Amino acid sequence: MKFMKETSKLLDSWSVSGNDFQTLYKELEELSARTKVLPINSRDIRIFTFQKMKEKEIFGFLHSGQKSIAYTLPKNEEETESGLVQELESNRLMFLMRQDKMWSTKKVLRTLSQRAGSKMGDFAMCDDPVVSFHRNAGYAAYMTVNPSDCMVLYREIGGIKKAYAVFTDVYKMIPQFPIVKDLIEAFEKEMGQAVLKCYSIDNYQTDILVTFPKVRDDFARTYNLPVKLSPGLHIHMSDVGDSSFIIHGMIGVRNAIVYIPGAEYTRPHTKKASLDQIKKNVEMKVFAEYTKVPKRMLELLMIDVDDTESLIPKLFKSCGFERAIGRIATKKLMAEVLQSLGSKATAYEVATLLLEYEEEYERKQHFYNGTGIDAVRSAFMNALFFNYD
């Protein structure tokens, strides 16, 4: 039963979330330990197309080079109970790599199709058994005719392996546990003890928000603003190609979050990625930017808006709200803002009212048009730095 629980961490559906550092570091350490990279040439990647499940075997077709043959793979009880078999019946895809059987996720097709000289369109994602047979056979044939060195990212628990991505040979994994822990501890030396606001981890993305209460109190004493500002750090990363390694310097205003302009570091997963260099660049690019928000809010207190009906549509257009939350939601939000403000206001009142709405999006985790919460945070940040001249 315990082994079955452990292997369930390979499933697409696995995820954890919380707000304490001890559990965060434990989960990241375990995730990093089970994450591995296999260097291999594309001609040696054999693709298995699932057809049907037998009592102790998995029957399908093995595509190797330009040949496809009927083939059976062994199945054990642990794999059946873990849920991997149920995933296979849906995605119909497995691999044999240097004799190792590897389970798979359907999301591997995004990177696999690139190695096979294609793009992940409707054809690649089609679940029809006939289509998936020809797709996999075509991929195997192309990768044999046009061989290239690859890096297969997989996770392993108790000898059970599952492939998540097939990258080019320039890929370098950035281990999540050491870089996250080292970064947070480096910031704590400069900004005081961190508080973990929240984290979420799954097999595809890791998202972490931390704040620094000492700097929040320093800001309150220094700037004497009507609201308290909580400087923090947003860490976002993906082992499997869904995202680069991204760090945002952020400011919390109550429960609203905005990213600080210029306080961002992005690092692709390439061989030039060095953990020490990443830490150095993050510290250099983020530390110096935290005072931008309180200084800007002091400026906004001094700016009067005499005609909100004319200004607000310009602000919404300039700040990219339609891209972030969609046209209908933007129109509704604009009407609510105008109704709440009246005809005259200060720029500070405009900014803090919009931050109240951002807080609502944070709480409900709205995702409009598939853009995600990062686009929402960026749009509201743009509103804070809108040029009222």
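Let's start with the charged pairs: this structure has 17 salt bridges, each being a side-chain nitrogen of Lys or Arg within 4 Å of a carboxyl oxygen of Asp or Glu. You are looking at a predicted model, in which local features need pLDDT of at least 70 and side-chain atom pairs count only at pLDDT 80 or more, while totals for chains, interfaces and linings use all residues. Residues are numbered from 1 along each chain as its sequence is written, and side-chain values use heavy atoms, leaving out hydrogens and water.

**Stop 1: a charged network**

Select Glu 30 and Lys 9, whose side chains meet in a salt bridge at 3.2 Å, N to O. This pair links distant parts of the chain: Glu 30 is in helix H2 (residues 21-34), and Lys 9 is in the loop between helix H1 (2-7) and strand E1 (15-18), 21 residues apart. Helices (H or I, at least four residues) and strands (E, at least two) are DSSP runs, numbered from the N terminus.

Is Lys 9 buried or exposed? Lys 9 is buried, with a relative accessible area of 11%, whereas Glu 30 is partly exposed at 26%. Here buried means under 20% relative accessible area, exposed over 50%, and partly exposed in between (1.4 Å probe, protein chains only).

Now add Lys 26, which also forms a salt bridge with Glu 30 (3.2 Å, N to O). Both sit in helix H2, four residues apart, about one turn of the helix.

Next, select Asp 127 and Lys 106, which meet in a salt bridge at 2.5 Å, N to O. Asp 127 lies in the loop between helix H6 (122-125) and H7, and Lys 106 in the loop between strand E7 (100-104) and helix H5 (109-115), so the pair ties together parts that are 21 residues apart in sequence. Looking back at the first group, salt bridges that share partners join Glu 6, Lys 9, Lys 26 and Glu 30 into one network.

**Stop 2: Arg 135**

Move to Arg 135 in helix H7 (residues 129-145). Which side chain of opposite charge is nearest to Arg 135? The nearest one is Asp 127, 6.2 Å away, and Arg 135 is buried yet has no salt bridge. For charge, Lys and Arg count as positive and Asp and Glu as negative; His and the chain ends are not counted. The side chain of Arg 135 does reach the backbone oxygen of Ala 124, at 2.5 Å.

**Stop 3: an enclosed strand**

Select strand E11 (residues 206-211): six of its six residues are buried, so the strand is largely enclosed by the rest of the structure. Thr 206, Ile 208 and Val 210 cover one side, with Asp 207, Leu 209 and Thr 211 on the other.

Show the neighbouring strands too. E11 pairs in the antiparallel sense with E10 (residues 195-202) over six bridges; strands pair if DSSP finds at least two bridges between them. A hairpin of three residues joins E10 to E11. Six bridges also join E11 to antiparallel strand E12 (residues 229-237), where Asp 207 stands opposite His 236.

**Stop 4: the nonpolar cores**

Finally, select Phe 245, Leu 315 and Phe 321, the residues with the most contacts inside the largest nonpolar core, which has 80 residues. Such a core is a set of buried Ala, Val, Leu, Ile, Met, Phe, Trp, Tyr and Cys residues joined through side-chain atoms within 4.5 Å. Its largest share, nine residues, comes from helix H15 (residues 347-364). A second, separate core of 23 residues includes Ile 58, Ile 157, Tyr 164 and Val 240.

How values were computed. A polar contact is a pair of N or O atoms within 3.5 Å; within protein, one must be able to donate a hydrogen and the other to accept it, and residues adjacent in sequence count only if both atoms are side-chain atoms.
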